[in-house]
Amino acid sequence: QDGRPSFDIHSYGAKILDRLEATDDVAESKSNEHEKPSQYKFEDILLSRSTDHSKSNLSLNQPVQKYEICRLFLASLQLANNGNVLLKHESNDSDDLELVLLDNELH
């Protein structure tokens, strides 16, 4: 625990929103019609970690540490509570959690 970087939920939330916004911008540039909000798998958020997060273990060349998964999930829950994202789970038989970007401004 001492060797891990400190946890700043706002920093993690901002990273998630930045990633969702960047992905949303790419989707919008490919299509002029944006009928419904884009959905993103939580797994994709883990795989699209940013390399500029110097205080944590979020590097593209390393596997995601379990504590990082927990931190990102907790930040996702806080974003859902704030109204930034909607969390979707298709069925009880599925492990896929999806995030729908509602508001990209961090509250």
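Let's start on the outside of this predicted model, with a nonpolar patch on the surface made up of Phe7, Phe73, Leu74 and Leu77. Together these residues have about 320 Å² of accessible area. Take Leu77 as a way in: this residue is found in helix H3, and it counts as partly exposed because its relative accessible area is 35%, which lies between the 20% and 50% cut-offs.

So what does helix H3 look like as a whole? The helix covers residues 66-82. With 17 residues at 1.5 Å a residue, H3 should span 24 Å, and its end C-alpha atoms are indeed 24 Å apart, so the two values agree. Just after H3 comes Gly83, whose phi is positive, near 90°.

Now for the hidden part of the helix. Which residues of H3 are buried? They are Tyr67, Glu68, Arg71, Leu72, Ala75, Ser76 and Leu79. Reading along that list, it helps to remember that an α-helix has 3.6 residues a turn, so residues three or four places apart point the same way.

Leu79 is a good one to stop at. Is Leu79 buried or exposed? Its relative accessibility is 2%, and since buried means under 20%, Leu79 counts as buried. Who does Leu79 touch, once its neighbours within four places in sequence are left aside? The contacts are Gly13, Ile16, Leu17, Asn84, Val85 and Leu106. Leu79 also shows how the chain folds back on itself in numbers: Ala14 is 65 residues away in sequence, yet the two C-alpha atoms are 9.3 Å apart in space.

From here we can step into the interior. In soluble globular proteins, nonpolar side chains tend to be buried together. Here, the largest nonpolar core has 15 residues, and those with the most contacts inside it are Ile16, Leu20, Phe42, Leu72, Val85 and Leu99. Two or more residues come from each of helix H1 (9-30), helix H2 (42-47), H3 and strand S3 (97-101). H1 gives the most to this core, with 4 residues. Leu72 is worth a second look, as it is on the list of buried H3 residues and also among the residues with the most contacts inside the core.

Last stop: charges. How many salt bridges does a search of the whole structure find? The search turns up 1. Lys88 pairs with Glu90, and their closest N and O atoms are 3.9 Å apart. Lys88 is partly exposed, at 28% relative accessibility, while Glu90 is exposed, with a relative accessible area of 57%.

Notes. Residues numbered from 1 in each chain as written. Predicted model: local features only at pLDDT ≥ 70, side-chain atom pairs only at ≥ 80, totals over all residues. Heavy atoms only, no water. Buried < 20%, exposed > 50% of the residue type's maximum accessible area, 1.4 Å probe, protein only. Contact = heavy atoms within 4.5 Å. Core = buried A, V, L, I, M, F, W, Y, C linked by side-chain atoms within 4.5 Å. Expected span 1.5 Å × (residues − 1). Patch = residues over 30% accessible without salt bridge, like charges linked within 9 Å, V, L, I, M, F, W, Y side chains within 5 Å. Areas by Shrake-Rupley, 256 points an atom, 1.4 Å probe, with all protein chains shown as cover. Salt bridge = Lys/Arg side-chain N within 4 Å of Asp/Glu carboxyl O.
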